[in-house]
Amino acid sequence: MNVFDIIGPVMIGPSSSHTAGAVRIGRIARALLNDEPVCARIGLYGSFAKTYRGHGTDKALVGGILGMEPDDIRIRDSLSLATGQGLRYSFEEAVLENAHPNTAVIALTGKGGGSVSVQGASVGGGNIVISRIGGLAVELTGQSVSLIVLHEDTPGIIATVTNFIAAQGINIGSLRLTRDQKGGLAVMTLEVDSPISPALNSIVSQLPHVISSTVLDPQ
């Protein structure tokens, strides 16, 4: 990876943590929404909250939510572009415990009425870690193809999903499972070594006890 992969030749601001990483958090939130966002509530924590205007973090996050790459020259005008595209956005200070100092909490609403909330941290050099999706703990870097499966917490669901993925010849690099309570909702996050097509993802989403399935390509 060279310097242009991290900050881009026309990146806003002096810090890859406050710009490139912030763009990637915004892009992942948009990808998980899987719709055109019309409303974005953005909570900022720690250093992000203190310096977001001076470092262009606000423009970077909104640029990512609009689908821009980290080196997109339009990031410098992302706030006005968002308004022009009908995206309402707001910033506030987030109250979190034991979070990384460069953390953003993004709540998006889509044109179709769907919504998603994502908590992510920019951990340096343009790298990120997504730690929560919809209030459930996850651990995603956005560097690998990831499958995010929201499902009922019931016996056999992990084997059902992983056996199906394995049967397609797709190797699973890591798997993490969290749940809100026993027998409640759970989220399974798998990082895999091969692409997952929309057709395969559609089959996963229709497996017994699966509520939704989302493929996240590297961001």
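**Helix 2 against helix 4**

I looked up the packing of helix 2 and helix 4 in this predicted model. The angle between the two helices is about 30 degrees, and their axes are 6 Å apart. Angles under 35 degrees count as roughly parallel, and helix 2 and helix 4 are therefore put down as roughly parallel to each other. I also noted the hand of the crossing, which is right-handed where helix 2 passes helix 4.

Next I listed the residues that meet. Helix 2 contributes Ala22, Val23, Ile25, Gly26, Arg27 and Arg30, and helix 4 contributes Thr57, Ala60, Leu61, Gly64 and Ile65. By class, I have six nonpolar, three polar and two charged residues in this contact.

**Surroundings of helix 4**

I then asked how many of the nine residues of helix 4 are buried. The count is eight, so helix 4 (residues 57–65) is largely enclosed by the rest of the structure. I wrote the buried ones down as Thr57, Asp58, Ala60, Leu61, Val62, Gly63, Gly64 and Ile65.

What do these buried residues pack against? On the helical side I found helix 2 (20–33), helix 3 (47–51) and helix 5 (78–84). The strands in the list are strand 1 (37–46), strand 2 (88–93) and strand 3 (102–110). Just after helix 4, I noted a positive phi of about 95 degrees at Gly67.

**Salt bridges**

I find six salt bridges in the structure, and I looked at three pairs, beginning with Glu69 and Arg27.

The side chains of Glu69 and Arg27 meet in a salt bridge at 3.6 Å, N to O. This pair links distant parts of the chain, with Glu69 in the loop between helix 4 and helix 5, Arg27 in helix 2, and their positions 42 residues apart. Is each partner buried or partly exposed? Glu69 has 41% relative accessibility and counts as partly exposed, whereas Arg27 is buried at 14%. Arg27 is also among the helix 2 residues that meet helix 4.

The next pair is Glu92 with Arg41, whose closest N and O atoms are 3.5 Å apart. Glu92 lies in strand 2 and Arg41 in strand 1, so this salt bridge ties together parts that are 51 residues apart in sequence. I have Glu92 as partly exposed, with a relative accessible area of 41%. Arg41 is partly exposed too, at 48%.

For Arg74 and Asp72, I read 2.7 Å between the closest N and O atoms of the salt bridge. Arg74 is partly exposed, with a relative accessible area of 44%, while Asp72 is buried at 16%.

**Val38**

I went back to strand 1 for Val38. Leaving aside neighbours within four places in sequence, I list its contacts as Gly86, Leu87, Arg88, Thr109, Gly110 and Lys111. I also checked the separation of Val38 and Thr83: they are 45 residues apart in sequence, and their C-alpha atoms are 9.8 Å apart in space.

**Thr189**

My last entry is on Thr189, in strand 9 (residues 185–192). Is Thr189 buried or exposed? Its relative accessible area is 4%; buried means under 20%, so I enter Thr189 as buried.

Which residues is Thr189 in contact with, leaving aside neighbours within four places in sequence? I noted Val138, Leu140, Leu147 and Ile148, together with Ser174, Leu175 and Arg176.

How values were computed: Residues are numbered from 1 along each chain as its sequence is written. This is a predicted model: local features need pLDDT of at least 70, side-chain atom pairs count only at pLDDT 80 or more; totals for chains, interfaces and linings use all residues. Side-chain values use heavy atoms; hydrogens and water are left out. Buried means under 20% relative accessible area, exposed over 50%, partly exposed in between (1.4 Å probe, protein chains only). Helices (H or I, at least four residues) and strands (E, at least two) are DSSP runs, numbered from the N terminus. Contact means heavy atoms within 4.5 Å. A salt bridge is a side-chain nitrogen of Lys or Arg within 4 Å of a carboxyl oxygen of Asp or Glu. Axes are lines fitted to C-alpha atoms, for helices over the stretch in contact, and angles run from 0 to 180 degrees between N-to-C directions. Angles under 35 degrees count as roughly parallel, over 145 as roughly antiparallel, 65 to 115 as roughly perpendicular and the rest as oblique. A crossing is left-handed if the near helix is turned anticlockwise from the far one by less than a right angle, and right-handed if clockwise. Ala, Val, Leu, Ile, Met, Phe, Trp, Tyr, Cys and Pro count as nonpolar, Asp, Glu, Lys and Arg as charged, and the others, Gly among them, as polar.
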